[in-house]
Amino acid sequence: MTTSIRIRLSIMMFLEFFIWGLWYVTMGTFIGEQLSGDGIQTGLAYQTTAIGAMIAPFFIGLVADRFFPAQRIMGILHLAGAALLYFAAGSEDFRGFYGFILIYGILYMPTLALVNSISFRQMADPEKDFAGIRVLGTIGWIVAGLLIGWLGWESNNSLQNTFYFAAGASAILGVYSFLLPHTPPLVEAGQKVTVRDILGLDALSLLKDRSYLVFFLASILLCIPLSFYYNFANFYFNEIGVENAAGKMTIGQMSEILFLLLLPWFFQRLGVKKTLLIGMLAWALRYLLFALGDAGSGAWMLIMGIALHGICYDFFFVTGQIYTDKLAGEKVKNAAQGLIAFATYGVGMFIGAIASGYLVELYATSENAHDWFTIWSWPAGFAGAILVLFALVFKDKPST
């Protein structure tokens, strides 16, 4: 891979996650403070990305892998996304906002697979080259959070600007996508493709393995409490008076970079089960810290909870992707990764969006306040229960 291609792919990855980080983190705060929405409506809004995640594998299988170059599809999706984010920013009520963000979520989530596909197709050695390019995505998310804090959009009741800014970045990436390296369809014209191929049903054979089935179900269940963090952490921090909440939340992505570099060391020494358990323990501990912390003397607990993000994400989700890759045969590796993404970012987050929204609304003590100790105690207890059950049932295999 030439230096020119590496730079072009890095810019693509930066913009992809810069866009997501701009609107996604603070959307719950925007809905609550500027659209006068409630917890249930916030859950519904975040559910849109889960819907997109469940549709994405079928879209990629039906369209991107068969008919059009990946970079052109991505360009069209991001240009359409720019218009949707622009109109979402100008919405005066939740009903109008939801319509735009639902369509946007369905269009955006397939682009996460497309940026990976475009990157992998240009690499002779993905295991060596991909991490250096993917890390630009995490940096893009960090820059988005710092920018929101620096411009003071959270404190000035102007969070609609995050959607306007994201719309502009999406338009730039849409145009830029047409300049990316050519990435033709994987399936040649005339080649027979079955419904089983499109849906990736061969990957379901992995579930015959008892240990993998346990991991698969645990992944879905763990994404239910995960939704509480993605959907309501920023809203929670702003409600209790944490300054520059979006900026402080980027500590989580900085932690993610650090622990991603350390993960191979832990993985080799601890194995699959212990590494996964550490990640699950971090989720439970994070929510407990949020339940006990505050914006005053307990602020250190909030910061520590944010900083645990690297362990939470890398030790469970990245380890899970490695475990899936090792267990799957060559023929079903891509389908297997699609299956676990469908289960976690799709099914798990879909259920979590509903559960978190209803729970936050249930424990609203007044129009502008919530019983956050009780709210965060629920995902802490749920993650802890999954941890215990997983520790008792999951068995490491010598091959992993």
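Helix H9 gives the most to the lining of the second largest pocket, with 4 residues. The model is predicted. H9 also gives the most to the lining of the largest cavity, with 3 residues. This briefing covers the two spaces, two residues that line the cavity, one helix and two loop residues with positive phi.

**Second largest pocket**

- The space in the second largest pocket comes to about 310 Å³.
- Its lining is made up of 18 residues, and those nearest the centre of the pocket are Gly32, Gly37, Phe235, Glu367 and Asn368.
- At least two lining residues come from each of helix H2 (27-34), helix H3 (39-64), helix H9 (210-239), helix H14 (333-362) and strand E1 (364-366).
- Sorted by class, the lining of this pocket holds 9 polar, 5 charged and 4 nonpolar residues.

**Largest cavity**

- Searching the whole structure turns up 1 cavity of 30 Å³ or more.
- The volume of the largest cavity is about 100 Å³.
- The residues that line the largest cavity are Tyr24, Val25, Trp141, Tyr229, Tyr230, Asn234, Met249, Gln253 and His309.
- By class, the lining of the largest cavity has 6 nonpolar residues, 3 polar residues and no charged residues.

**His309, a residue of the cavity lining**

- His309, which is among the residues lining the largest cavity, lies in helix H13, a helix of residues 309-327.
- The relative accessible area of His309 is 2%, so this residue counts as buried, the limit being under 20%.
- Apart from neighbours within four places in sequence, the contacts of His309 are Tyr229, Tyr230, Gly252, Gln253, Ser255, Glu256, Arg286 and Asp314.
- Among these contacts are Tyr229, Tyr230 and Gln253, which also line the largest cavity.

**Tyr230, a second residue of the cavity lining**

- Tyr230 is part of helix H9 and lines the largest cavity.
- Tyr230 has a relative accessibility of 16% and therefore counts as buried, because the limit is under 20%.
- Leaving out neighbours within four places in sequence, Tyr230 is in contact with Tyr24, Tyr46, His309, Tyr313 and Met349.
- Two of the residues in contact with Tyr230, Tyr24 and His309, are also found in the lining of the largest cavity.
- Between Tyr230 and Thr26 there are 9.4 Å in space, C-alpha to C-alpha, and the two are 204 residues apart in sequence.

**Helix H5**

- Helix H5 runs over residues 94-121 and has 28 residues; at 1.5 Å a residue it should span 40 Å, and its end C-alpha atoms are 40 Å apart, so the expected span and the model agree.
- The N-terminal end of H5 is capped by Asp93, with a side-chain oxygen 3.4 Å from the backbone nitrogen of Arg95.

**Loop residues with positive phi**

- Ser36 is a residue other than glycine with a positive phi, near 55°.
- The place of Ser36 is the loop between H2 and H3; both of these helices supply residues to the lining of the second largest pocket.
- With a relative accessible area of 65%, Ser36 is exposed, because the limit for that class is over 50%.
- Asn244 is not a glycine either, yet its phi is positive at about 50°.
- Asn244 sits in the loop between H9 and helix H10 (245-249).
- Asn244 is partly exposed, because its relative accessible area of 36% falls between the limits for buried and exposed.

How values were computed:
Residues are numbered from 1 along each chain as its sequence is written. This is a predicted model: local features need pLDDT of at least 70, side-chain atom pairs count only at pLDDT 80 or more; totals for chains, interfaces and linings use all residues. Side-chain values use heavy atoms; hydrogens and water are left out. On a 1 Å grid over the protein atoms alone, a cavity is a set of points where a 1.4 Å probe fits but cannot get out, and a pocket is an open set with protein on both sides within 12 Å along at least five of seven lines; lining residues have an atom within 4 Å of a point. Grid points are joined across faces, edges and corners, and a volume is the space filled by probe spheres set on the points. Ala, Val, Leu, Ile, Met, Phe, Trp, Tyr, Cys and Pro count as nonpolar, Asp, Glu, Lys and Arg as charged, and the others, Gly among them, as polar. Buried means under 20% relative accessible area, exposed over 50%, partly exposed in between (1.4 Å probe, protein chains only). Contact means heavy atoms within 4.5 Å. The expected span of a helix is 1.5 Å times one less than its number of residues. A polar contact is a pair of N or O atoms within 3.5 Å; within protein, one must be able to donate a hydrogen and the other to accept it, and residues adjacent in sequence count only if both atoms are side-chain atoms.
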